[in-house]
Amino acid sequence: QGVDLEYDGSREGLRNLVDTVLSDVLMGLQTRMKHLTRMQQTVMADKFVKGKEAFVEKMWKLTEDTKGMNGEGVDGESGVGMQVITPEHIRMCMREVGQELAM
């Protein structure tokens with residue numbers, strides 16, 4: 001099912017959260033990457049960075065879209081966006097990023 005993830009509502013906080021989560025993914029990919037040529041590793045790393053940045057931007061857009069509801073953020077404080085990311089938010093953004101990167 002997944003768990004909800006929290007962050008401080010800032011773009012940098014979101015980027016740090018994504019970096020933390022992806023560090024576990026990267027650890028798992030290291031063994032696979034060792035079997036690739038340097039050129040293939042470079043291409044994969046480039047795709048990974050582009051995908052991560054696109055994902056962060058999609059998530060940030062989602063958080064920005066939640067601001068301003070009745071003049072307040074999601075948590076009821078003015079100007080504060082979504083501070084909890086649900087598995088559904090992640091699936092939605094991953095789907096959009098995947099479609100964009102496939103083009």
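On the side of helix 3 away from its buried residues, Q99 and A102 are exposed. This is a predicted model, and its chain has three helices and two strands, running β-α-α-β-α from the N terminus. Of the 103 residues in the chain, 27% count as buried. Below, we go through helix 3, the salt bridges, the two largest pockets and one contact between distant residues.

**Helix 3**

- Helix 3 covers residues 87-102, 16 residues in total, and its end-to-end C-alpha reach is 22 Å, close to the 22 Å expected at 1.5 Å a residue.
- The buried residues here are P87, H89, C93 and V97.
- Looking down the axis of helix 3, you'll find those buried residues within an arc of 145 degrees, so they line one face of the helix.
- Helix 3 also has a salt bridge of its own, with the side chains of R91 and E88 meeting at 3.4 Å, N to O.
- R91 and E88 sit three residues apart in helix 3, about one turn of the helix.
- Both partners are in the in-between class: R91 is partly exposed with a relative accessible area of 44%, and E88 is partly exposed at 42%.

**Salt bridges between helix 1 and helix 2**

- The structure has ten salt bridges.
- One of them joins the side chains of E57 and R11, at 2.9 Å from N to O.
- That pair links distant parts of the chain, since E57 belongs to helix 2 (residues 38-66) and R11 to helix 1 (residues 11-33), 46 residues apart.
- E57 is partly exposed, with 35% relative accessible area, and R11 is partly exposed too, at 34%.
- R15 and E53 make another salt bridge, with their closest N and O atoms 2.7 Å apart.
- R15 is in helix 1 and E53 in helix 2, so this pair ties together parts that are 38 residues apart in sequence.
- How accessible are the two partners, R15 and E53? R15 counts as buried, because its 17% relative accessibility falls under the 20% cut-off, whereas E53 is partly exposed at 27%.
- R11, R15, E53 and E57 don't stand by themselves: along with D19 and K52, they are linked in a network of salt bridges.

**Largest pocket**

- The largest pocket holds about 270 Å³ of space.
- Its lining is made up of V25, L26, L29, Q30, R32, M33, L36, M44, A45, K47, F48 and V49.
- Helix 1 and helix 2 are the elements that give two or more residues to this lining.
- Helix 1 has the largest share of the lining of the largest pocket, with six residues.
- Sorted by class, that lining comes out as nine nonpolar, one polar and two charged residues.

**Second largest pocket**

- About 180 Å³ of space lies in the second largest pocket.
- Lining the second largest pocket are L5, L14, L17, V18, V21, L22, F55, M59, I85, I90 and M94.
- Which elements each supply at least two residues of this lining? They are helix 1, helix 2 and helix 3.
- Helix 1 again turns up as the top contributor, giving five residues to the lining of the second largest pocket.
- The class tally for the second largest pocket is eleven nonpolar residues, with no polar and no charged ones.

**G51 and L101**

- G51 lies in helix 2 and counts as buried, at 14% relative accessibility.
- How far apart are the C-alpha atoms of G51 and L101? They are separated by 7.4 Å, although the two residues are 50 residues apart along the chain.

Methods: Residues numbered from 1 in each chain as written. Predicted model: local features only at pLDDT ≥ 70, side-chain atom pairs only at ≥ 80, totals over all residues. Heavy atoms only, no water. Helix = DSSP H or I, 4+ residues; strand = E, 2+ residues; numbered from the N terminus. Expected span 1.5 Å × (residues − 1). Buried < 20%, exposed > 50% of the residue type's maximum accessible area, 1.4 Å probe, protein only. Arc of directions from axis to C-beta. Salt bridge = Lys/Arg side-chain N within 4 Å of Asp/Glu carboxyl O. 1 Å grid on protein atoms, 1.4 Å probe; cavity = no way out; pocket = protein on both sides within 12 Å on 5 of 7 lines; lining within 4 Å. Points joined across faces, edges and corners; volume = space filled by probe spheres on them. Nonpolar A, V, L, I, M, F, W, Y, C, P; charged D, E, K, R; others polar.
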